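Trainee: I am new to this structure and would like to go through it with you. Could we start with the pocket?

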Amino acid sequence: MKPLIFVTVGTDHHRFDRLMDWIDQWLETAGDVRCVVQHGPARAPARAECHEFLPHPEMQALFHEATVVVCQGGPGSIMESRQAGRLPIVIPRLAALKEVVDDHQVRFSRHVADLGKIALAESAEGLHDHLNKSLADPTAYLVEQAADETAPAIARFTELVDTLVATPRRSRFRRRQRGGLPRQRGGLR
């Protein structure tokens, strides 16, 4: 059976063409692999099985089936990958390339990499090295599937970031002028 590389960019509306290009470049010489890519609004790689979006149950099945997972630096993708027993190869989106509104993914990904929870790749070469290593030794990209005590915190962080990103900057500024951000039920106040 062919090794499965699962690539996901999450649900962000920003394009992530850089990652798609890096995957296509690697697939040119990868050999006999199956690569499934959930690419969102980014252009689809030419050498992969591509889906703009996938239903959540299909995504979960791919996380579990994959030899290795490649994802953006969002906490949701990282958490789902680890819950499926996979050490994700993470490529953080960059604000300078208009892949995200700010560089929170870079800071978050570097911190999580320092904790040994992800394999960080910040260049095409780094991604290609990780992919080659994952094919040579797939066990190096597996983690225990035990309940992750950080999952609730990561899920809450994801929720807060999604709320901030979805709120137009002007709205956030006006709320600060009127006395602060609105209170969130059951969360941080």
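Mentor: Certainly. The lining of the largest pocket is made up of nine nonpolar, 13 polar and three charged residues. Please keep in mind that this is a predicted model.

Trainee: Which residues lie nearest the centre of that pocket?

Mentor: Gly-10, Thr-11, Asp-12, Gln-72 and Ser-77 lie nearest its centre, out of 25 residues that line the pocket.

Trainee: And which elements give two or more residues to the lining?

Mentor: Four helices do so: H2 (56-65), H3 (75-83), H4 (104-114) and H6 (151-166).

Trainee: How much space lies in it?

Mentor: The largest pocket holds about 540 Å³ of space.

Trainee: Let us step back. How many helices and strands are there in the protein?

Mentor: The protein has seven helices and six strands. Read from the N terminus, their order is β-α-β-β-α-β-α-β-α-β-α-α-α.

Trainee: What share of the residues is buried?

Mentor: Of the 189 residues in the protein, 46% are buried.

Trainee: Now the interior. Which residues have the most contacts inside the largest nonpolar core?

Mentor: They are Leu-19, Ile-89 and Leu-127, in a core of 27 residues. Two or more residues of this core come from each of strands E1 (4-8), E2 (34-38), E4 (68-72) and E5 (89-91), and from each of helices H1 (17-27) and H5 (124-136). H1 gives the most, with six residues.

Trainee: Is there a general background to such a core, and what else lies apart from this one?

Mentor: In soluble globular proteins, nonpolar side chains tend to be buried together. Apart from the largest core lies another, of 16 residues, which include Val-36, Val-90, Phe-108 and Ile-118.

Trainee: Back to Ile-89. What is it in contact with, leaving aside its neighbours within four places in sequence?

Mentor: Ile-89 is in contact with Val-68, Val-69, Val-70, Cys-71, Ala-119, Ala-121, Leu-127, His-130, Leu-131 and Tyr-141.

Trainee: You mentioned H1. Why is H1 largely enclosed by the rest of the structure?

Mentor: Nine of the 11 residues of H1 are buried, so the helix is largely enclosed. The buried residues of H1 are Asp-17, Arg-18, Leu-19, Met-20, Trp-22, Ile-23, Asp-24, Trp-26 and Leu-27.

Trainee: What covers them?

Mentor: The cover over the buried residues of H1 includes E1, E2, E4, E5 and H5.

Trainee: One last topic, the surface. What does it come to?

Mentor: The accessible surface of the protein is about 10500 Å², and 52% of that belongs to carbon and sulfur atoms.

Terms used: Residues numbered from 1 in each chain as written. Predicted model: local features only at pLDDT ≥ 70, side-chain atom pairs only at ≥ 80, totals over all residues. Heavy atoms only, no water. Core = buried A, V, L, I, M, F, W, Y, C linked by side-chain atoms within 4.5 Å. Buried < 20%, exposed > 50% of the residue type's maximum accessible area, 1.4 Å probe, protein only. Contact = heavy atoms within 4.5 Å. 1 Å grid on protein atoms, 1.4 Å probe; cavity = no way out; pocket = protein on both sides within 12 Å on 5 of 7 lines; lining within 4 Å. Points joined across faces, edges and corners; volume = space filled by probe spheres on them. Nonpolar A, V, L, I, M, F, W, Y, C, P; charged D, E, K, R; others polar. Areas by Shrake-Rupley, 256 points an atom, 1.4 Å probe, with all protein chains shown as cover.
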